[in-house]
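This briefing covers burial, packing, surface and charge pairing in one protein model. Please read it with the sequence and the 3D view open.

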Amino acid sequence: MTIALVLLAAYVIDRIVGDPRSLPHPVIGMGKAITALERAIRRLWSYPQSLRRAGVLLPLCVAGGAWALTAILLWLLSYISPWLVWIAEAWLISTTIASKGLKDAGMAVYVELQKGDIPAARKALGMIVGRDTTSLDSPEIVRGTVETVAENIVDAIISPLFYALIGGAPLAMAYRAVNTLDSMVGYKNDKYRDLGWASARLDDVANFIPARITALLLALCAWLLRLDWRNCLQMVKRDASLHPSPNSGYPESAVAGALGIRLGGENVYHGVASFRAYMGDPVRAMELDDIIQTSRMMMLSSSIFVGLCAVVAWIWIGG
């Protein structure tokens, strides 16, 4: 079976099934491995300089281990049946994608806001963002949801599909390990500045190309959905580089431009205010429907990309 069919099957599995809690998820194993390695490293080294050197071990061990374990599993299954390899690879790739989970998370916030239950909406948003949500009003909750859905189009969908196209399930799993490392240790605070620098840098490099592909996909989606695709591209050109992340500004500015809203502003993390550069112009006020529109752009862009990946795999890689 071809990688084109594997990618399509993986995407369909994710769209229909998502991440069932009844089944073990590789990211849970990655999280446990990262925690265990961090403890071991901190027992052996404590000085900043030694922690910076040791920080390189985390992505090497976790991402390298994820790639190796996946490759070995598929190799062993090949001795049983090629069909088992195909099924396993499709399932494994589907666990690196989160289109259904991302949509469901955004809609959970939307439903609570639609009911007028602000505390419940704050709680739902708090499940998917790192910022404090306890004092946010409705427009700020919408902003947080739109920003999170937009940003995660890259690392939850486009990037894993991109690496699955290049290197199948092993490379997609390695990417997911890098992204998990960044979410756990890639912080610029006193605890992780030295230990997590390599993980954060590798995540930036891994998402560099997919983030820019995503911006173009979102512009195409804006045109298909009759949104402002010209402003989408204009805001990407003007604002994407203002974001503190070298990649997150691309999907956020693209969505802001397409919807005619302004993202960014002041967020609070653990009681400390932090200002994020504005993305887009406030052509109109933020509305509840912006969550729906962002979800539509996310689902359409991911569908287009997996289709393009399948075509590339079929023609260029030869199946």
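**Charge pairs**

K115 counts as exposed because its relative accessibility is 58%. The model is predicted, and it holds 10 salt bridges. The points below start with the bridge that involves K115, then turn to the other pairs, the core, two helices and the surface.

Salt bridges in helix α6
- E112 lies in helix α6, residues 99–115, and forms a salt bridge with K115, with the closest N and O atoms 3.3 Å apart.
- E112 and K115 are about one helical turn from each other, because they are three residues apart in α6.
- The partners differ in burial: E112 has 18% relative accessibility and so counts as buried, the limit being under 20%, whereas K115, at 58%, counts as exposed.
- Apart from residues up to four places away in sequence, E112 touches D117, A120 and A121.
- K100 and D104 also meet through their side chains in a salt bridge, at 2.9 Å from N to O.
- K100 and D104 are four residues apart in α6, and therefore about one helical turn separates them.
- K100 is partly exposed, with a relative accessible area of 24%, and D104 is partly exposed as well, at 39% relative accessibility.
- An α-helix has 3.6 residues a turn, so residues three or four places apart point the same way.

Salt bridges involving helix α8
- The side chains of E147 and R143 meet in a salt bridge of 2.8 Å, N to O.
- Because E147 and R143 are four residues apart in helix α8, about one helical turn lies between them.
- E147 counts as buried at 4% relative accessibility, and R143 counts as buried at 3%.
- R143 and E147 belong to a network of salt bridges that also links R131 and E140.

Nonpolar core
- The largest nonpolar core has 90 residues, and those with the most contacts inside it are L7, I93 and I157.
- Helix α8 gives the most to this core, with 23 residues.
- Leaving out neighbours within four places in sequence, L7 is in contact with I93, L161, A164, L165, V306 and C309.

Helix α4
- Helix α4 runs over residues 57–78 and has 22 residues.
- From first C-alpha to last, α4 reaches 31 Å, close to the 32 Å expected at 1.5 Å a residue.
- The buried residues in α4 are L58, P59, V62, A63, A66, T70, L74 and L77.
- The cover over the buried residues of α4 includes α2 (26–44), α3 (48–55), α5 (82–96), α8 (138–185) and α9 (197–224).

Helix α11
- Helix α11, residues 249–259, is mostly covered, with 11 of its 11 residues buried.
- Among the buried residues of α11 are Y250, P251, E252 and S253.
- The buried residues of α11 pack against five helices and strands named here, including α8, α9, α10 (229–239), β1 (263–269) and β2 (272–279), and against α12.
- G260, just after α11, takes a positive phi of about 75°.

Nonpolar surface and helix α1
- L5, L8, V311, V312, W314, I315 and W316 make a nonpolar surface patch of about 750 Å².
- Helices α1 (3–16) and α12 (289–315) are the elements that give two or more residues to this patch.
- The largest share of the patch, four residues, comes from α12.
- L5 lies in helix α1, and L5 counts as partly exposed because its relative accessibility is 35%.
- V12 is also placed in helix α1, and V12 is partly exposed, with a relative accessible area of 44%.
- The C-alpha atoms of V12 and S303 are 9.5 Å from each other, although the two residues are 291 residues apart along the chain.

Note on methods:
Residues numbered from 1 in each chain as written. Predicted model: local features only at pLDDT ≥ 70, side-chain atom pairs only at ≥ 80, totals over all residues. Heavy atoms only, no water. Expected span 1.5 Å × (residues − 1). Buried < 20%, exposed > 50% of the residue type's maximum accessible area, 1.4 Å probe, protein only. Contact = heavy atoms within 4.5 Å. Patch = residues over 30% accessible without salt bridge, like charges linked within 9 Å, V, L, I, M, F, W, Y side chains within 5 Å. Areas by Shrake-Rupley, 256 points an atom, 1.4 Å probe, with all protein chains shown as cover. Salt bridge = Lys/Arg side-chain N within 4 Å of Asp/Glu carboxyl O. Core = buried A, V, L, I, M, F, W, Y, C linked by side-chain atoms within 4.5 Å.
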